[in-house]
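Q: Please take a close look at the β-sheets of this model, with the helices that lie on them. I should like the criteria behind each term to be stated as the account proceeds.

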Amino acid sequence: MCGIIGILGAGPAAPRLVEALKRLEYRGYDSAGVATLDDSGALTRRRASGKIRNLEAELDAAPLSGPAGIGHTRWATHGAPTTANAHPHATDKVAIVHNGIIENFRALREELIAGGRKFESETDSEVIAHLISAEMDKGLSPEQATASAVRRLEGAFAIACIFSGHDDLMIGARKGSPLVVGLGDGEVFIGSDAIAVSPFTTRVVYLDEGDIAVLTRAGIKVTDAHERLAARPVHVFSGGVAAAEKGNHRHFMQKEIYEQPETTGRTIARYVNAFEERVEMPDLDGVDLAADSAIVIGCGTAHYAGRVAEYWLEQYGGISVETDIASEFRYRRPAFGKKAFSVFVSQSGETADTLAALRYCKEQNLKTLAVVNVPESSIWREADARLPTLAGPEIGVASTKAFTAQLSSLAALAIAVGRAKGALSTQEEGRLVRALMETPRLIADALTVEPEIEAIAHELAQARDVLYLGRGVHYPIALEGALKLKEISYIHAEGYAAGELKHGPIALIDEHTPVVVVAPHDALFEKTLSNMQEVAARGGKLVVITDAVGAVACADIAKHIIMIPACDPFVAPLVYSVPIQLLAYLTAVHKGTDVDQPRNLAKSVTVE
Ligand code: M6R
């Protein structure tokens, strides 16, 4: 989604704004722009459609001066990704950048046009600049005018503004979209997340819903949703600049795939007492793990992590589970059992539909548990309790290490529920905990299959359609594999439950259609083997991901076998995530797509 950076600094702002915008590229965007206050106090801006290098070319041709400025990467919602629609939007008095959607923009725009204001873009955002200007024309100060304009905005937004003739002033406001203030030495910053300000400072203040922050180089003043002065704590952001560097890797996605032994290890260690071989949950603030049922909600990859958790919570936890996609759940008025809790899975913690689903559950007095990667994000803060995933900042748009970290936290939750429900004995808990503790090593072993996958990926890159099959807990892994492939290679892919094949999808099988099967040699392997035979009999090209025993069993029908270390069935979804990620990644590299910023996708979907 869109990214915001603002700087009230000491040196020239424009190069630093561009540097910060590059850190925000991972969020997905299709145009970019910056505005600064020049030495005479006038607002000047440069904007470009496409990549940030296009903006840099504009700035090289016509540099911007001044130590104060704002910058933006735009992911188009209202209006095409043209230069005219790129932010900042400006009048002679104010320049603004905006994330989110202003729902009542049409009415506001008509009113402002009727008042004589001229619009240059098709965006909803431009009304903000005109509203603030109109208020300033009535004699209000920038601070009063911004507060007054914000009161009239409906929808979700985070904004940052600078004002002509005010070289020591920047104002930020949030409602529904996150906004962070960075505190430097004699400098202040504003960003859509902590990564935006991380090149300049590690001291950050997360603004709350409804906050307006007035920044000067001397510090910040925050007023809350009720227009009262508010104190917000200063946090130290530990993600740091290093987290946003690729190191020796070609892409962030590759780096993040290879970080998984560490990120799963860190997450598992958070919930496991290795000496006592038991799970230890943090304070869950009234979430009763001995409930009868649970609802698990997320979008995209986070939803698939929830689907794996459904199997775990039922099998090991002994409770009934319903999973849903947040965008469906929030509008279907679901009914809940009396003894239930809800779980919200999200990397960013800002996904609009997941957040709305959480708010719905809270209104129904259901306890809410957030499995979230970004600390202090909206879902993190609004949930009753949280199970952090410790993946660190994930930059690649295609989620990898966040997925396995989500699985790590959810696996621990399933064990904790099993204990609370009396569904697991101490011995069984010990076995599952030992299996969890082995997982980072198994993931490291699974990463060594990259050279074998490389050759298969070369072939997959020629395909037009790819099917992914899995059974039981590996059905969601098949869904995730198909999502990964289509996201970054743009090859059409579908995931199916292997047993569903003969009910329709088998019609798609021919000699041109690779079929990737996630099939560890577990209790369901023989059933999946039958489905593989059905594919082979119709000329389908089988790519089987399995272990040594499974490899022997399907050697005569598989075109390719990707061999993964044998592991406890409980943790197999974590280990089998690695080859499906590598397969998608290497296929996309062969195709030469923009792996880290695939077309049309945003890292964090903060609009409905
Ligand atoms: O930040 P979230 O985990 O809530 O995001 C949910 C989805 O938008 C996300 O998982 C998306 O599907 C990824 N691009 C998958 O790789």
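A: The account below takes the two sheets in turn, with their helices and loops.

The model is a predicted one, in which local features require pLDDT of at least 70 and side-chain atom pairs count only at pLDDT 80 or more, whereas totals for chains, interfaces and linings use all residues. Residues are numbered from 1 along each chain as its sequence is written, and side-chain values use heavy atoms, with hydrogens and water left out.

For orientation, the protein chain is divided into domain 1 (3-244) and domain 2 (447-591), bounds that come from an automatic or database domain assignment. The centres of these two domains, taken over C-alpha atoms, are separated by 45 Å.

One open sheet consists of eight antiparallel strands, ordered β3-β2-β4-β1-β10-β9-β11-β15. Its edges are formed by β3 (43-49) and β15 (235-236), each of which pairs on one side only. Helix α1 (residues 13-23) packs on this sheet and touches β1 (3-8), β2 (31-37), β4 (68-74) and β10, with a direction at about 30° to that of β4. The terms are used as follows. Strands (E, at least two residues) and helices (H or I, at least four residues) are DSSP runs, numbered from the N terminus. Two strands count as paired if DSSP finds at least two bridges between them. Contact means heavy atoms within 4.5 Å. Axes are lines fitted to C-alpha atoms, for helices over the stretch in contact, and the angles between N-to-C directions run from 0 to 180 degrees.

A second helix, α2 (residues 52-61), lies across β2, β3 and β4, and runs at about 140° to β3. Strands β2 and β3 are themselves joined in the antiparallel sense by seven bridges. Within this pairing, Thr-36 has Thr-44 in β3 as its bridge partner. The two strands form a hairpin with five residues between them, where Gly-41 takes a positive phi near 85°. Elsewhere in the eight-stranded sheet, strand β9 (residues 180-183) runs antiparallel to strand β10 (residues 188-191), with four bridges between the two. Here Val-181 stands opposite Ile-190 in β10.

As a rule, the side chains of a regular strand alternate between the two faces of the sheet.

The loop between β4 and β5 contains Pro-88. The peptide bond that leads from His-87 to Pro-88 is cis, with omega near 0°. β4 belongs to the sheet of eight strands, and β5 to a sheet of seven.

That seven-stranded sheet is likewise open, in the order β5-β6-β7-β8-β12-β13-β14, and its pairing is antiparallel. Because β5 (89-90) and β14 (229-230) stand at the edges and have a single partner strand each, one side of each is left without a neighbour in the sheet. Further along the order, strand β8 (residues 166-175) pairs with strand β12 (residues 212-216) over four bridges, in the antiparallel sense. At this junction Ala-173 stands opposite Ile-212 in β12. Helix α4 (residues 126-137) lies across β5, β6 (94-102) and β7 (155-163), and its course makes about 130° with β6.

In summary, α1 packs on the eight-stranded sheet, α2 lies across β2, β3 and β4, and α4 lies across β5, β6 and β7.
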